[in-house]
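Subject: Structure handover

Hello,

Here is the structure I promised to pass on. Please open it alongside this email.

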Amino acid sequence: MADTGGAGQGGELFYRRVLLKISGEALAGEQKFGISPPVVDRLVEEIRVVHEMGVALGLVVGGGNIVRGTTASAEGMDRVSADYMGMLATVINALALQNSLERRGIHSRVLTAIRMEQLAEPYIRRRAISHLEKGRVVLFAGGTGNPYFSTDTAAVLRGIEMNADVIVKATKVDGIYSADPKKDSSAEFIPDITYMQALSRELGVMDAAALSLCKDNDIPIVVLNLDDEGAVARLVRGERIGTLVHS
């Protein structure tokens with residue numbers, strides 16, 4: 001597994017380099033839109049615990065709390081323009097997370113796929129890895145920099161590029177179910193599934209492009225509940241939590 005470089009070690013770790021994908025909606029909390037500072041602070045406290053364990057941590061956050069490109073497109077907006085707006089929303093969210101991280105004394109860097117030097121560094125793979133090796137939390141913003149690609153795909157791409165041991169998709173449910181558990185009380189929890197099964201059953205884990213990238217590069221995905229306090233910390237220590245998607 002990947003070395004954490006400059007990050008201090010907090011005991012034996014099962015995953016030493018992690019890409020955490022957080023939805024934009026998670027930052028809105030109960031208000032459903034925009035950014036809720038108390039919610040951001042709670043999320044960052046979870047991140048702080050994992051970082052202080054010695055995990056090299058990259059983050060990708062969506063932009064659905066501000067604007068979702070596919071939704072705007074479905075309502076008549078040009079798809080390319082809508083997707084670029086969604087990418088800009090991810091930058092806003094990344095800056096909010098960075099602000100909360102640095103108020104806790106955690107050094108972080110925002111790297112964007114779309115150049116905006118006044119706000120953040122442009123994404124360069126070697127620079128991102130250098131930041132990780134110096135013990136900084138790296139926030140990857142701006143998606144892939146291209147329309148028609150989701151932030152799930154961006155998360156997997158950045159995870160592969162940073163040599164992550166696992167992609168952690170933090171959601172509002174405990175893992176993957178056979179159907180939406182909020183709509184179907186008979187939905188069954190799936191603790192373990194292969195990439196091909198997830199693709200063929202269309203369970204909504206990630207889009208097909210993201211799953212295919214994970215499959216081709218044999219990088220596992222863990223889907224877990226972000227509201228479950230300490231879930232990510234327990235995962236990196238080796239506890240089976242959420243749903244594992246693997247080969």
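Below are notes on confidence, strand pairing and the cavity search.

Confidence first. This is a predicted model. The chain averages a pLDDT of 92. Of the residues, 96% score at least 70. The weak stretch is residues 1-10, where pLDDT stays under 50. The model does give residues 1-10 32 contacts beyond four places in sequence. Treat those with care, because predicted coordinates should not be read in detail where pLDDT is low.

Next, the strands. Strand 11 covers residues 243-246 and runs parallel to strand 9, residues 192-194. Three bridges join strand 9 and strand 11. One pair to look up is Thr-194 with its bridge partner His-246 in strand 11. Strand 11 also pairs with strand 10, residues 221-225. That pairing is antiparallel, again over three bridges. Here Ile-221 has Val-245 of strand 11 as its bridge partner.

Last, the cavities. How many of 30 Å³ or more does a search of the whole structure find? The search finds one. The volume of this largest cavity is about 40 Å³. Its lining is Leu-20, Glu-46, Ile-47, Val-50, Leu-57, Leu-226 and Val-232. Helix 2, residues 37-52, gives the most to that lining, with three residues. By class, six lining residues are nonpolar, none is polar and one is charged. The charged one is Glu-46.

Best wishes

Definitions and conventions
Residues are numbered from 1 along each chain as its sequence is written. This is a predicted model: local features need pLDDT of at least 70, side-chain atom pairs count only at pLDDT 80 or more; totals for chains, interfaces and linings use all residues. Side-chain values use heavy atoms; hydrogens and water are left out. pLDDT is the predictor's confidence in each residue, from 0 to 100. Contact means heavy atoms within 4.5 Å. Two strands pair if DSSP finds at least two bridges between them. Helices (H or I, at least four residues) and strands (E, at least two) are DSSP runs, numbered from the N terminus. On a 1 Å grid over the protein atoms alone, a cavity is a set of points where a 1.4 Å probe fits but cannot get out, and a pocket is an open set with protein on both sides within 12 Å along at least five of seven lines; lining residues have an atom within 4 Å of a point. Grid points are joined across faces, edges and corners, and a volume is the space filled by probe spheres set on the points.
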